[in-house]
Amino acid sequence: VGESQSLRDQIEALEALKPNEAELKAKAGLARAEFPASPALPGLVDALQDAASLAGVELSSVAPTPPKASTSNPQLAEITATVNVSGGYFEIQDFLVRLENLVKGSDHGRVPPRSVLVRSVGLTGGESNANRDSAAAASAAAPADELKGNIELLVFQLAQSSGMSSTPATPAASASPGAQVR
């Protein structure tokens, strides 16, 4: 009797949603667009490069892992990506904000929205001038306030029905100043 009442309540709740079906399907489609069906790593690297350029940091490397089943949602797969950047404190902070906003997409024609979670951030200061010889310090000194950031991201995609192990590992990408990481 209790199970029957529960089913009736569920049917009633679903029938109440029926007038909004088109709107709900459109919202579901937009949400699904945040999760590509494949790793789409070139698009992810483009999005990271765009965010770095706009924030004023140098993106030096992106190292993604192969997708694995998500621990939070069985319909999703997770890609862990380690990103290394360098720049000032406020520029790196701006980069982190831009990472959190990748879900909005910066250029929908080229870089689709992505669901990204920043898992950890490690910052280290640049090498002090006292530890370098004077010639090296004069010629290639990094600004005193430059930081190196090591950022671990969790990037989501739709789970593959055939399993996650079939996706090959992708080598780390690196960039030189002003270059586009591909």
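1. Exposure terms first. A residue is buried when its relative accessible area is under 20%, exposed when that area is over 50%, and partly exposed in between, using a 1.4 Å probe and protein chains only. By this rule R98 is partly exposed, at 29% relative accessibility. Of the 182 residues of the protein, 32% count as buried.

2. Basis of the note. This is a predicted model, in which local features need pLDDT of at least 70 and side-chain atom pairs count only at pLDDT 80 or more, while totals for chains, interfaces and linings use all residues. Residues are numbered from 1 along each chain as its sequence is written, and side-chain values use heavy atoms, with hydrogens and water left out.

3. Overall layout. The protein has 5 helices and 6 strands. Helices (H or I, at least four residues) and strands (E, at least two) are DSSP runs, numbered from the N terminus. Along the sequence the order is α-α-α-β-β-β-α-β-α-β-β.

4. Strand β3. This strand covers residues 76–87, and 10 of its 12 residues are buried, so the rest of the structure largely encloses it. Strands pair if DSSP finds at least two bridges between them. Strand β1 (residues 58–64) runs antiparallel to β3, and 6 bridges join them. Within β1 and β3, look at A63: it stands opposite T82 in β3.

5. More partners of β3. Strand β5 (residues 147–158) pairs with β3 in the antiparallel sense, over 12 bridges. Here E78 has F156 in β5 as its bridge partner. Strand β2 (residues 68–69) also pairs with β3 in the antiparallel sense, over 2 bridges. A69 is matched with A77 in β3. β2 and β3 form a hairpin, with 6 residues between them. As background for reading any strand: in a regular strand the side chains alternate between the two faces of the sheet.

6. The nonpolar core. A nonpolar core is a set of buried Ala, Val, Leu, Ile, Met, Phe, Trp, Tyr and Cys residues joined through side-chain atoms within 4.5 Å. The largest one has 25 residues. The residues with the most contacts inside it are L48, V83, V85, F95, L99, I151 and L153. Elements that each supply at least two residues of this core are α3 (41–55), β1, β3, α4, β4 and β5. Helix α3 gives the most, with 8 residues.

7. Salt bridges in helices. A salt bridge is a side-chain nitrogen of Lys or Arg within 4 Å of a carboxyl oxygen of Asp or Glu. The whole structure holds 5 of them. K25 bridges to E21, with the closest N and O atoms 3.1 Å apart. Both lie in helix α2 (residues 21–33), 4 residues apart, so about one helical turn separates them. K25 is exposed, at 55%, while E21 is partly exposed, at 35%. K18, E21 and K25 are linked in a network of salt bridges. In helix α4, R98 and D94 are also 4 residues apart, about one turn. Their side chains meet in a salt bridge of 3.2 Å, N to O. D94 is partly exposed, at 26%.

8. A salt bridge between strands. R119 forms a salt bridge with E152, and their closest N and O atoms are 3.7 Å apart. R119 is in strand β4 and E152 in strand β5, so the pair ties together parts 33 residues apart in sequence. R119 is partly exposed, at 47%. E152 is partly exposed as well, at 25%.

9. A nonpolar surface patch. Patches are made of residues with over 30% relative accessible area and no salt bridge; like charges are joined within 9 Å, and nonpolar side chains (Val, Leu, Ile, Met, Phe, Trp, Tyr) within 5 Å. Y89, F90, V121 and L123 form such a nonpolar patch, with about 420 Å² of accessible area together. Accessible areas come from the Shrake-Rupley method with a 1.4 Å probe, and for residues only the protein chains shown count as cover. Helix α4 (89–100) and strand β4 (116–125) each give two or more residues to the patch. V121 lies in β4 and is partly exposed, at 40%.

10. The aromatic pair. Rings of Phe, Tyr and Trp (its six-membered ring) pair if their centres lie within 6.5 Å; planes under 30 degrees apart are stacked, over 60 edge-to-face, and the rest tilted. The count is 1 aromatic pair. Y89 and F90 form it edge-to-face, 5.1 Å centre to centre, with 85° between the planes. Y89 is partly exposed, at 46%, whereas F90 is exposed, at 62%.
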